[in-house]
Amino acid sequence: MIEVHNVQKSFDGNQVLKGITCTFETGKCNLLLGGSGTGKSVLLQCIVGLMQPDLGSITFDGTVFTNNKVQIRQEIRRKIGMLFQGSALFDSMTVAQNVEFPLQMLTPEMSREERRDRVQFCLKRVGLENAGDKMPSEISGGMKKRVGIARAIAPNCTYLFCDEPNSGLDPLTSIKIDELIQEITYEYDITTVIVTHDMNSVVEIGDHIIFLYKGLKLWDGNKDEILNAQVPELKEFIFSSSLVRAAKRIDDESHTPA
Amino acid sequence: MVKSFGRFLLFIQSMLTRKERFAVLWKRTIDECVTIGVNSIFIVSIVSAFIGAVTCVQIAYNLVNPLIPKSTIGFMVREMTILELAPTITSIVLAGKVGSSIAGGLGTMRITEQVSALEVMGINSASYLVLPRITASILMFPLLVILAMALSIIGGYLAGSLTGAVSAQEYIEGIRTDFVPYNIVFALIKSVVFAFLVSAISSFKGFFTDGGALEVGNASTTAVNNSIIAILVADFALAALLL
């Protein structure tokens with residue numbers, strides 16, 4: 001479980017996070033939802049340690065991460081897997097080398113054979129067992145995301161962070177990536193945090209959703225509750241999608257007595 | 001300017017604290033030695049051979065006094081090459097080739113979140129990415145400078161012989177006259193300092209690139225400009241201190 005308490009962050013006097021307090025639960029897909037510029041990615045970067053919050057604390061399973069000793073922060077970071085928006089694959093390495101990289105760096109006690117087996121297992125898990133020898137430039141955007149997931153889970157991560165995993169993907173591939181993230185979350189019982197503004201992801205995998213608006217947490221709940229949420233900003237965000245509006249209309253009509 | 005220098009010092013400090021395992025850094029250093037050193041042999045060879053040749057021909061052109069022996073041409077080519085041309089011009093050429101490559105490579109890694117990926121894994125990205133580049137530069141620059149010295153003197157010899165500006169015997173006599181071994185040591189000290197400046201400045205510029213492709217290009221250009229200025233300032237400082 002990850003606990004975020006009163007996290008604040010400003011850039012040149014512009015307060016991007018205005019005291020966010022929330023909890024990301026283990027074994028669930030936790031979604032950080034919100035429009036562009038609401039502070040989702042900044043919050044994610046504060047949680048994984050790429051940015052230092054001005055105020056507040058972040059705790060991973062009871063261990064404080066913010067402002068703790070470097071060694072403790074390193075220990076926590078080594079349990080983190082992250083899927084970046086652009087996949088962030090190392091372009092000088094093959095797909096298999098990318099997946100093997102965290103194992104090489106973080107688990108030197110593993111033998112070469114054990115590493116190779118683990119890489120093959122992870123690639124198979126994301127459906128890319130035959131793409132190990134390809135370079136990142138030779139594979140599609142969806143495949144890059146899968147490699148990113150394989151690299152994140154290779155060292156048995158406890159926490160999985162995904163920064164807009166569906167960006168730049170077609171709807172069908174997006175659904176497959178969402179399903180893969182959800183399967184991995186349930187299978188390994190890990191804490192998954194996904195930054196998104198994709199309503200398809202919300203209704204597909206939103207076990208726990210936190211809605212951010214102008215640096216504030218306005219609502220949290222799950223995918224079954226979100227369509228009936230009574231927060232005007234959230235309603236505006238949800239129903240800006242034509243597809244959701246249409247689905248809601250059909251749903252309402254089906255419940256209206258003839 | 002002061003703020004940038006402070007950030008540069010903190011960057012160097014962050015690279016040296018929490019270093020990655022020796023085996024990992026060693027492998028990375030060897031890879032970088034190939035990129036920085038072996039892949040630069042061709043351009044360094046061409047530049048230094050022609051510099052030696054041109055120096056020889058131009059000295060011969062200016063040496064009109066019949067009282068000065070022709071062997072002076074070989075002597076002057078050697079002195080200019082060892083003291084100045086080989087270490088400084090080679091380092092300036094490498095600032096263009098290696099410096100832009102380091103800054104561009106790191107800048108691209110930064111904007112495509114590859115540096116962030118390393119940091120999220122708990123890897124000290126500065127140590128993993130930058131330390132091997134600086135170490136490899138410090139190892140390879142002196143070797144390239146030694147190569148440049150040899151090829152420059154050979155270039156002068158060939159140019160002098162082929163154009164008839166100086167005979168082979170006189171040229172060899174010149175390059176053997178009043179040889180001071182310390183000059184070689186001085187040149188190698190310069191090459192080590194220049195290697196550090198080029199690799200550290202270029203890494204700093206690339207590592208902190210912010211934005212997109214345009215900023216990566218700007219970082220490369222700034223890295224080369226700053227490296228060349230640093231080389232020239234350090235060249236003067238070292239000459240004043242060590243000669």
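The exercises below, each with a worked solution, concern helices and single residues in chains A and B of a predicted model.

**Exercise 1. Chain B as a whole**

Describe the secondary structure of chain B and the box that its C-alpha atoms fill.

Solution. Begin with the count of elements, which comes to 9 helices and 0 strands for chain B, so that the pattern read along the sequence is α-α-α-α-α-α-α-α-α. Next take the principal axes, along which the C-alpha atoms of chain B fill a box of roughly 70 × 35 × 35 Å. Finally, turn to burial: of the 243 residues in chain B, 46% are buried.

**Exercise 2. Two helices of chain B**

Determine how helix H3 (residues 41-62) and helix H6 (residues 125-163) of chain B are oriented to each other, and state which classes of residue form their contact.

Solution. The axes of H3(B) and H6(B) come within 7 Å and cross at roughly 45°. An angle under 35 degrees would count as roughly parallel and one of 65 to 115 as roughly perpendicular, and the two helices are therefore oblique to each other. The hand of the crossing is right-handed. As for the contact of H3(B) with H6(B), sorting its residues by class gives 17 nonpolar, 9 polar and no charged residues.

**Exercise 3. The faces of a helix in chain A**

Check the length of helix H4 (residues 112-125) of chain A against the expected span, and decide where around the axis its buried residues fall.

Solution. At 1.5 Å a residue, the 14 residues of H4(A) should span 20 Å, and the end C-alpha atoms are indeed 20 Å apart, which agrees. The buried residues of this helix are A:Val119, A:Cys122 and A:Leu123. Viewed down the axis of H4(A), the buried residues fall within an arc of 100°, and so they line one face of the helix. An α-helix has 3.6 residues a turn, so residues three or four places apart point the same way. On the other side of H4(A), the exposed residues are A:Glu113, A:Glu114, A:Asp117 and A:Lys124.

**Exercise 4. An enclosed helix and an exposed residue**

Contrast the surroundings of helix H1 (residues 40-48) of chain A with those of B:Arg7.

Solution. In H1(A), 7 of the 9 residues are buried, so the helix is largely enclosed by the rest of the structure; among them are A:Lys40, A:Leu43 and A:Ile47. A:Gly49, with a positive phi near 90°, follows H1(A). B:Arg7, which lies in helix H1 (residues 2-16) of chain B, is exposed, with 12 other C-beta atoms within 10 Å, where 12 or fewer is the cut-off for an exposed residue.

Notes: Residues are numbered from 1 along each chain as its sequence is written. Chains are lettered from A and ligands numbered from 1 in the order in which they are written. This is a predicted model: local features need pLDDT of at least 70, side-chain atom pairs count only at pLDDT 80 or more; totals for chains, interfaces and linings use all residues. Axes are lines fitted to C-alpha atoms, for helices over the stretch in contact, and angles run from 0 to 180 degrees between N-to-C directions. Helices (H or I, at least four residues) and strands (E, at least two) are DSSP runs, numbered from the N terminus. Angles under 35 degrees count as roughly parallel, over 145 as roughly antiparallel, 65 to 115 as roughly perpendicular and the rest as oblique. A crossing is left-handed if the near helix is turned anticlockwise from the far one by less than a right angle, and right-handed if clockwise. Ala, Val, Leu, Ile, Met, Phe, Trp, Tyr, Cys and Pro count as nonpolar, Asp, Glu, Lys and Arg as charged, and the others, Gly among them, as polar. The expected span of a helix is 1.5 Å times one less than its number of residues. A residue is buried if 20 or more other C-beta atoms lie within 10 Å of its own, exposed if 12 or fewer, and partly exposed in between; C-beta atoms are placed from the backbone. The arc is that of the directions from the helix axis to the C-beta atoms.
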